[in-house]
Amino acid sequence: MEIVVLSGKGGTGKTTVATNLAQVLNMNYIDCDVEEPNGHIFLKPTIEKQIDVEILNPVIDKDKCTLCGKCAEACQFNALATVPTGVMLFKELCHGCGACMIACLQGAITEVGRSIGIVSVGNTDGISFMSGKLNIKEPMGGPIISKLKEISKFDDHKLLDSSPGTSCSVVKTLDGADYALLVTEPTKFGLHDLKLAVALVKEMGISHGIIVNRNIEGNSMIQDYCESENIDLIGEIPFSRKAAELYSQGLLLIDNPEYKMIFETIGTKLIKEASRRSSDAISGN
Amino acid sequence: MQLVVISGKGGTGKTTIASSFAYLSDSDLIKIDCDVDASNLHLMFDGEDIEKSDFYGAKAAEILSDKCINCNKCIETCRFGAIRFINGRTLIEPLKCEGCGACVLVCEEKAITLDHEITGTTLITKTQNGLISRAEMIPGAEGSGKLVTKVRQNANIIGSNKESDYIIDGSPGVGCAVMASITGCDYCVIVTEPTQSGFEDFKRIYELTTYFGVKGFAIINKYDINPLISDQIKKFCSDVNMPVIGKIPFDKLVGESINAGCPIVSYEQSIAGQSIIKIWNEFKNRTGE
Amino acid sequence: MTIAVSSTEKSMSGTADLRFGRCKYFAVYNTLTKECTFVENEAINSNQGAGIAASQTVAGLKAEVVLTGNLGPKALNVLNAAGINGYKIGQTTIENAISAFQEKKLSQITEPGRPQK
């Protein structure tokens, strides 16, 4: 079972939900929010190894290069420019696609890895922990997410913590998931961005359910939305200043008995719905 | 003057602050929502979309099935796993395609085209508090950085007749969309919260802003949730010489104001609103804008 | 000598574009024949690195001089490597920009500027 926790809007509680659920469900945790990874703050893992994530950048052999300009022309990302003195590479623009190497008829291009971030692997309280971190000033976190997915591919019981929004990083995180758990809050912003996230998971054909974080009695905007769209409501986490304070200190909410019960209830329902939905998907219902 | 409001961590109050600043300044100030995959600023103002255009973002490859001989060359070449052989046909998954064109280069049958695809809509929204330039990205689309650049260009077109001021509501994170929002700005305001996550993300976004040479100010939102971490953030700011131009107390009215679609500073009794008014004045004093 | 000017229109009397990477056209002026042609700037639609692609275009046009509002760091880098000098213009027309350059009234762009507001 591969479950992705995402949200549309930032700061609605993805990491809170993912870290607490990973513990109560005994599922491996993977932090895919590589621009701002925070799961480690709450899970306090022991890190066993760190792996550099590299993308391949072209290296041009000056002796073989005829300055024909084909490589720069092939590059859709404008990472190469041909000038009379040689070919210039703007490495932070390079996506590592290899198109320049294909375009070069002289065989003057080889590739070399360049580090754009790091993946940490470890464990905490009986579950394995993984997280990726993009180097500052690097624009693209995609390859780090791909790396996380690659090294965890034989893990069949895992929770992935996504970045906010609905951009390409979220798509990479969702790719191949069995179920998407959307975390939102009962505000106009939360609902607006939730709808975008729902559109994305629908487009990708991934079964999904919703958690309302900071739920307030008497405000049922998210519950109403779930009902009208026929989306499973997986759970509600009540609004409380206590939760905000625990979070601020980097503590898991399940350390508090009241919250432990809430997360256990949510966890049970999540596994039930996710198993049902994914077996529906397999049997084609 | 161009001011960008950013945060690193999501949900710390960027839009609450940006909408308040927009409300407090005169309506000539042009508002730009650069959070293109979760744009919320317009929800705080009653408005009407007066301009709407398709946005052609990143390129994407497409296979012409009548020319494709299923030779697999493209599948082997694509480094993004975007091409698959399904039900007897070679297909490109648009959400995974980065538009690099490597497949086009290896296809001997010339069966693959590479074209700009529509990845969103850009809008100009007219409100009582002036104009908002914003966008709605198609969920899952590639190239949010380019859309951010476009939204800023549209704002420049509105403002080109006079020396206009701009306020930009940024997106969370430190990646391409954030970089496209910061570049060329005069000032940035980083909104953080006194949580371990907020502080850690604050340090990363601070580091990013130093590369862009933008004058930065910090605001600590909900500072009373954890006074200890608030102090740590202040200490960090003073060490790196970034002024903290204000602290905002936790205030339940903020959530209500969002749901009412009114900037929090329009609530006279709001303690958060009162703090933001002070912060805006402090910002103006310090910058002379 | 060939001069490239970033332009908003395909006309000598048209307004110069102060952006380089994302200008609409390049006015390419030959000082010997006094002829001016206009070339579309394909870099305008680039996802990224428009300045690099635009520099590549003007280098391909054999321009020796570029007249524009600002040059970003990457564009400046490519132009320098291609031996092309950039000169700064303000709000003006293509023909006035060219005469100002010929009268040596323009200053060379040696530092990357910020993106145009």
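Start at Lys62(C), which counts as exposed because its relative accessibility is 63%. Exposed means over 50% relative accessible area, buried under 20%, and partly exposed in between, with a 1.4 Å probe and protein chains only.

This is a predicted model, where local features need pLDDT of at least 70, side-chain atom pairs count only at pLDDT 80 or more, and totals for chains, interfaces and linings use all residues. Residues are numbered from 1 along each chain as its sequence is written, chains are lettered from A and ligands numbered from 1 in the order in which they are written, and side-chain values use heavy atoms, with hydrogens and water left out.

**Stop 1: two positive phi values**

Stay on Lys62(C). Its phi is near 65°, a positive value in a residue other than glycine. Most residues other than glycine have a negative phi. Show the flanking elements: Lys62(C) lies in the loop between α1 (50-60) and β4 (65-68) of chain C. Helices (H or I, at least four residues) and strands (E, at least two) are DSSP runs, numbered from the N terminus.

Now select Asp125(A). Its phi is positive too, about 45°, and it is not a glycine. Look for it in the loop between β6 (109-124) and β7 (127-134) of chain A. Asp125(A) has 64% relative accessibility, so it counts as exposed.

**Stop 2: chain A as a whole**

Zoom out to chain A. It has ten helices and eleven strands. Its C-alpha atoms fill a box of roughly 70 × 40 × 35 Å along the principal axes. Of its 285 residues, 59% are buried. The accessible surface comes to about 11300 Å², and 50% of that belongs to carbon and sulfur atoms. Such areas come from the Shrake-Rupley method with a 1.4 Å probe; for residues, only the protein chains shown count as cover. Turn on contacts (heavy atoms within 4.5 Å). Among those in chain A between residues at least 6 apart in sequence, 73% join residues at least 24 apart.

**Stop 3: where chain B touches chain A**

Display both chains. Here 58 residues of chain B are in contact with 60 residues of chain A. The two chains bury about 4900 Å² between them, 59% of it on carbon and sulfur atoms. Buried area is the accessible area (1.4 Å probe) that two parts lose on being put together, summed over both. Select Arg79(B), Pro139(B) and Arg204(B): in chain B they lose the most area to chain A, together 13% of what that side buries.

Keep Arg204(B) and add Glu36(A). They form a salt bridge, with the closest N and O atoms 3.5 Å apart. The rule (a side-chain nitrogen of Lys or Arg within 4 Å of a carboxyl oxygen of Asp or Glu) finds five salt bridges across this interface.

Next, colour chain B by element. α3 (102-106), α5 (176-182), α6 (196-212) and α8 (253-260) each give two or more residues to the side that touches chain A. α6(B) gives the most, with eight residues.

**Stop 4: inside chain B**

Finish at Val151(B). It sits in helix α4 (residues 144-159) of chain B. Buried or exposed? Val151(B) counts as buried, because its relative accessibility is 0%. Add Cys34(B): the two residues are 117 apart in sequence and 6.9 Å apart in space, C-alpha to C-alpha. Leaving aside neighbours within four places in sequence, Val151(B) is in contact with Ile32(B), Asp33(B), Val36(B), Ser133(B), Arg134(B) and Ala135(B).
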